[in-house]
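Me: I am new to this structure. Please show me how to read it, one feature at a time.

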Amino acid sequence: MGDSMPKDEFEWIQQHTPAHSHQKRLEEGIGDDAAVYKASSFFDEVVCVDTMIEGIHFTKETMAPYDIGYKALAANISDLAAMGAEPSFYIVSIAIPPHWEDDELSGLYEGMAELGDRFEMDLIGGDTVSSAHELMMSITVIGRVETGRRLLRRNAEPGDVIFLTGPVGRSASGLKLLLEKGRHASFSSIEQTLLSYHQRPEPQVKTGRLAASLSARIALNDISDGLASESFEIAEASGVQMHLEQELVPVPDEFAGYDPAEYWEWMLYGGEDFELLGTVEAGSWEKFQRLSEAAGINVTNIGRVEAGTAGVWLHNQGDTEALEKKGYNHFSGKEGQG
Ligand SMILES: Nc1ncnc2c1ncn2[C@@H]1O[C@H](COP(=O)(O)OP(=O)(O)OP(=O)(O)O)[C@@H](O)[C@H]1O
Ligand SMILES: Cc1ncc(C[n+]2csc(CCOP(=O)(O)O)c2C)c(N)n1
Ligand SMILES: [Mg+2]
Ligand SMILES: [Mg+2]
Ligand SMILES: [Mg+2]
């Protein structure tokens, strides 16, 4: 990496965050999974954008065109879910290089439409340009959340229960298989399941909406960069310590037979699972769990929030490890230091 590149994407964003806002109806600007501004007396509007680029987020060997479209929209819907919002609209900007054929480009839109239809979202605009080398897709999504119900990373307080919506690490393990063999190779049925978590992640909208409907203080974040990195984001935004219990963190069934040293690396630092990580005040945890179960949603208590200097710790049978803010970081390389 040359000297001209920013060292860390998080630091870089901070440098470019305006000190003041002009619009009175802005509720949340830069800093969370999405921005929030007042729309009516009942709802706030929630908006965010995420980009996927060939060579960084996918290659023709790791993802079919359909998967790329699907995942680009899924990653964005996931940020709405992390705010407690319901998705409404999306806007697609696409940069097309010469080596992409018409039928491949149609595949991108078919993949987006599958998810857009499922969440009853309308495609309302976009932009189309050419690109010299890589395909790029950038999607802006718009949703809404009931006034005052948005779920922010800074909402965590000491004593809260930490929860996770599902096992993590499967996307990273699927990516490893795809980078080794390419998607046209033959895979066992377990491997195919792992690939599908990488190629077609499921945004956890139902859980986000349930969390927003509870009258409880809840912090929420979606896992794009890995469990450790997203735990740090809550710790830093809330000024708290995140204490994770290794024994409580669900290990994917598919990892039976794999080396724990390898799969804990995927689980803690892999990213792109798009599960939700959150904290809820202890008095509301049982209710949250009960309502989740009734709704067919999986939430697992994986630890506790404590007071002290912001950071993340992993406890295992009396041993304690301070986790690094490591995960996927653009500019500092794959799974570089955050
Ligand atoms: N180039 C930029 N200019 C202004 N704000 C930015 C820029 N890049 C990111 N942000 C803002 O910084 C915050 C963090 O962005 P980030 O992309 O890390 O969040 P995320 O979408 O939850 O994570 P990921 O991109 O890994 O899915 C968000 O509020 C986002 O809108
Ligand atoms: C070909 C290929 N190589 C590596 C990766 C891994 N990867 C890329 S971006 C990212 C984090 C989320 O991105 P963002 O922070 O932009 O949302 C991860 C884990 C991949 N998906 N495909
Ligand atoms: Mg996010
Ligand atoms: Mg983003
Ligand atoms: Mg995101």
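Reply: Start with burial, and keep in mind that this is a predicted model. The idea is to count C-beta atoms around a residue; 20 or more within 10 Å means buried. Glu 272 has 23 C-beta neighbours inside 10 Å, so Glu 272 counts as buried.

Me: Where in the chain is Glu 272 placed?
Reply: In a loop. Helix H8 (260-269) comes before Glu 272, and strand S10 (276-280) follows. Look at the backbone there too. Glu 272 is not a glycine, yet its phi is positive, about 65 degrees.

Me: Which other residue, not a glycine, has a positive phi, near 45 degrees?
Reply: Gln 317. Gln 317 sits in the loop between strand S12 (311-316) and strand S13 (319-322).

Me: Is Gln 317 buried or exposed?
Reply: Count again. A residue with 12 or fewer such neighbours is exposed. Gln 317 has 7 C-beta neighbours inside 10 Å, so Gln 317 counts as exposed.

Me: How do I read the domains?
Reply: Begin with the bounds, then look at what touches. The domain assignment of the protein chain gives domain 1 (23-146) and domain 2 (153-322). Taken over C-alpha atoms, their centres are 22 Å apart. Contact joins 23 residues of domain 1 to 22 residues of domain 2.

Me: Which elements each supply at least two residues of the side of domain 1 that touches domain 2?
Reply: Helix H2 (65-81), strand S4 (86-96) and strand S6 (136-146). H2 has the largest share, 9 residues. By class, this side of domain 1 divides into 12 nonpolar, 3 polar and 8 charged residues.

Me: What does UniProt say about residues 31-145?
Reply: A record gives a label; the model gives the fold. The unreviewed UniProt entry places "domain: PurM-like N-terminal" at residues 31-145. Over that stretch the chain is 30% helix and 39% strand. The C-alpha atoms at its two ends are 18 Å apart.

Me: How do I read a nonpolar core?
Reply: Look for buried nonpolar residues joined by contacts, then ask which members touch the most others. The largest nonpolar core has 81 residues, and Leu 73, Leu 80, Met 83 and Met 137 touch the most other members. H2 gives the most to this core, with 10 residues.

Me: Why does this core lie between domain 1 and domain 2?
Reply: Because domain 1 (23-146) and domain 2 (153-322) both give residues to it.

Me: Which residues does Met 83 touch, not counting those up to four places away in sequence?
Reply: Its partners are Asp 32, Asp 33, Ala 34, Val 36, Val 46, Val 145, Arg 150 and Leu 151.

Me: How do I read a ligand site?
Reply: List the shell, sort it by class, then trace it back to the chain. The shell around ligand 1 includes Ile 13, His 16, Asp 32, Asp 33, Asp 50, Ser 224 and Asp 225. Strand S3 (43-53) and H2 are the elements that give two or more residues to that shell. By class, the shell around ligand 1 has 4 nonpolar, 3 polar and 5 charged residues.

Me: And ligand 2?
Reply: Use the same steps. Among the residues around ligand 2 are Asp 50, His 57, Phe 58, Leu 175, Asp 225, Glu 272 and Tyr 328. The shell around ligand 2 has 4 nonpolar, 5 polar and 3 charged residues. Domain 1 (23-146) and domain 2 (153-322) each give at least three residues to the shell around ligand 2.

Me: For which residue does UniProt list "binding site"?
Reply: Asp 225, in an unreviewed entry. Check it in the model. Asp 225 is in the loop between strand S8 (218-222) and helix H7 (227-238). With 26 C-beta neighbours inside 10 Å, Asp 225 counts as buried. Beyond neighbours within four places in sequence, Asp 225 is in contact with Glu 230, Gly 271, Gly 327 and Tyr 328.

Me: One last case, please. Where does Pro 201 lie?
Reply: In the loop between helix H5 (189-199) and helix H6 (205-213). Pro 201 is buried, with 25 other C-beta atoms within 10 Å. Leaving aside neighbours within four places in sequence, Pro 201 is in contact with Lys 71, Ala 74, Ser 171, Glu 272, Asp 273 and Phe 274. That list brings us back to Glu 272.

Key
Residues numbered from 1 in each chain as written. Chains lettered and ligands numbered in written order. Predicted model: local features only at pLDDT ≥ 70, side-chain atom pairs only at ≥ 80, totals over all residues. UniProt positions renumbered as here; feature names shortened; annotations may be inferred. Helix = DSSP H or I, 4+ residues; strand = E, 2+ residues; numbered from the N terminus. Near = placed C-beta within 6 Å. Nonpolar A, V, L, I, M, F, W, Y, C, P; charged D, E, K, R; others polar. Domains from an automatic or database assignment. Contact = placed C-beta atoms within 7 Å. Core = buried A, V, L, I, M, F, W, Y, C linked by C-beta atoms within 7 Å.
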